[in-house]
Amino acid sequence: MNTTNRKFSLEGKLSAIVALSVTLGLCILVLFSIFIDELLIALIIALPISLVISIWLVRKLAQDHNIKIAAIHNGMLNLMDNDFSVSIANTGKDELNEIIAIFNQLSEKLRNERQHVYQRELLLDMVIQHSNMGVVLIDQEDRVIYSNGFAKDILNAGKPINGLYFSDAIKLTSDLLREIISQRKEGLFRVRESSGDELYHITTGRFILNARKHEVLLIKRMTFELHRQEAVIWKKVIRTITHELNNSLAPISSMAHSGQLLVEQEKYNQLSVVFETIGERAQHLKHFIDGYARIAKLPMPEKKIVDWSEFIKKLSVALEFSFDGNMPASPGYFDPVQIQQVITNLLKNAHESGSAADQICLTLEQNTQCSVLKVLDRGTGMSANIMENALLPFYTTKQSGSGIGLSLCREIVDAHGGHISLENRKGGGLCVKILLPNAPATS
């Protein structure tokens, strides 16, 4: 604590009062002893006068300090009541004035922090209120203590729900949505409403706030977003199909016209080339359409116990690769036909990546939850942009590709409850990792 600006400390003032009282008493004693021969009588007269003056000086000092102490006391009470607008006048330079200065600094700091927090709360409230996600905060008495406008629209036809019991706040919702929310279910739910089917994503969470249990409920209406995504996908499908149809029909039309001219010129010996070209383009178009049909007609996987050794052996018949590692002790649990299609497609891509055949590898590991298959190559790998879109339907970088292969692999793996991911390898090449859940435990 800085004391360089003090005039007098409290200890100094008290010492000064004592010294002044003693000096004054001695002066009075000497003065009276001159006029009165008896020293005892002079002492009796001088002592009360000195004592009265001392008491008066102490009271004046205490009065000033009591005022400052009372001001600090009241200021602290205001801080406890979250009133940070109070400051105390500070004119002296002693210990109490230093405390008052610190109090004023503390009050100003709390005031500034409160203003900062208030501004952040305003910003957060504005963001939440204009969010397209319903937010509801519920206390341990099951009362709604906060909600945004979107939540009120979903739960109570736009009417305020703050302060209501949560069961009363959701009375106006549809029966199915009310049941889902009441049971605090989480996930994606399709709900039939008067305006049509709506898709909701619901999330709940619990936490402690001010030593009280609270629950937050997040409700997002996904219908519009899904419709928008569907529209984007359909536009992309239409563009891709149109492009492929034009690429096939234009040559067919041109060759048909050429064939007609050859017939008119009676050059029948050249018609075989025309028919061969038309057949090739028609076959390409059929192959393209069949690829799209495979995604649309993909059946649900028929999972069963699969012996890994037999499964790997069948894979090695179709394409060349090396197997790295030991066979897991436990069998796999998946649809062997569909997963074989996935691995075969990935191995085919590895061979087309520019990798040497002897550097294409399949690994297999198993833990308590899933089996992990990896297809590794030393090809050109993928750029960040290609890797981001590689698993999307109809995305391809091949001139003759349809964008079906990797997206079909993802559809199959997702249908198994698994996950597929891509990443570039150090030193070049690509790693495609597939996670397949193990067989459920039997009791």
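The following paragraphs lead from the overall features of this protein to one helix, one residue within that helix, and one sheet. The structure is a predicted model.

The protein comprises 443 residues, 31% of which are buried. Its secondary structure consists of 12 helices and 12 strands. Among contacts with a separation of 6 or more, 54% are made by residues 24 or more positions apart. The accessible surface amounts to about 28,100 Å², and carbon and sulfur atoms contribute 58% of that area.

Helix α3 covers residues 95–129, a stretch of 35 residues. At 1.5 Å a residue a helix with this number of residues should span 51 Å, and the C-alpha atoms at its ends lie 50 Å apart, so the expected and modelled spans agree. Several residues of α3 are buried, including L96, N97, E98, I100 and F103. The buried set also includes N104, S107 and I128.

Among these residues, N97 may be examined individually. N97 belongs to helix α3, and its relative accessibility is 3%. Because the cut-off for a buried residue is under 20% relative accessible area, N97 counts as buried. Leaving aside residues up to four places away in sequence, N97 touches K68, N90, T91 and G92.

Attention now turns to a sheet and the helices that pack on it. Strands of a sheet pair through backbone hydrogen bonds, in either a parallel or an antiparallel sense. In this protein, five strands form an open sheet with mixed pairing, in the order β7-β9-β10-β12-β11. Its edge strands are β7, residues 322–324, and β11, residues 419–424, each of which pairs on one side only. From one strand to the next, the twist averages 20 degrees.

At one edge of the sheet, β11 pairs with strand β12, which spans residues 430–437. The pairing between β11 and β12 is antiparallel and extends over six bridges. Within β12, L430 is the bridge partner of N424.

Two helices that pack on this sheet can be described in terms of the strands they touch. Helix α10, residues 336–352, is in contact with β9 (361–366), β10 (370–376) and β12. The direction of α10 makes about 170 degrees with that of β12. Helix α12, residues 405–415, also packs on the sheet, where it touches β11 and β12. The direction of α12 makes about 135 degrees with that of β11. Strand β12 is thus touched by α10 and also by α12.

Technical notes
Residues numbered from 1 in each chain as written. Predicted model: local features only at pLDDT ≥ 70, side-chain atom pairs only at ≥ 80, totals over all residues. Heavy atoms only, no water. Helix = DSSP H or I, 4+ residues; strand = E, 2+ residues; numbered from the N terminus. Buried < 20%, exposed > 50% of the residue type's maximum accessible area, 1.4 Å probe, protein only. Contact = heavy atoms within 4.5 Å. Areas by Shrake-Rupley, 256 points an atom, 1.4 Å probe, with all protein chains shown as cover. Expected span 1.5 Å × (residues − 1). Pairing = 2+ DSSP bridges. Axes fitted to C-alpha atoms, helices over the stretch in contact; angles between N-to-C directions.
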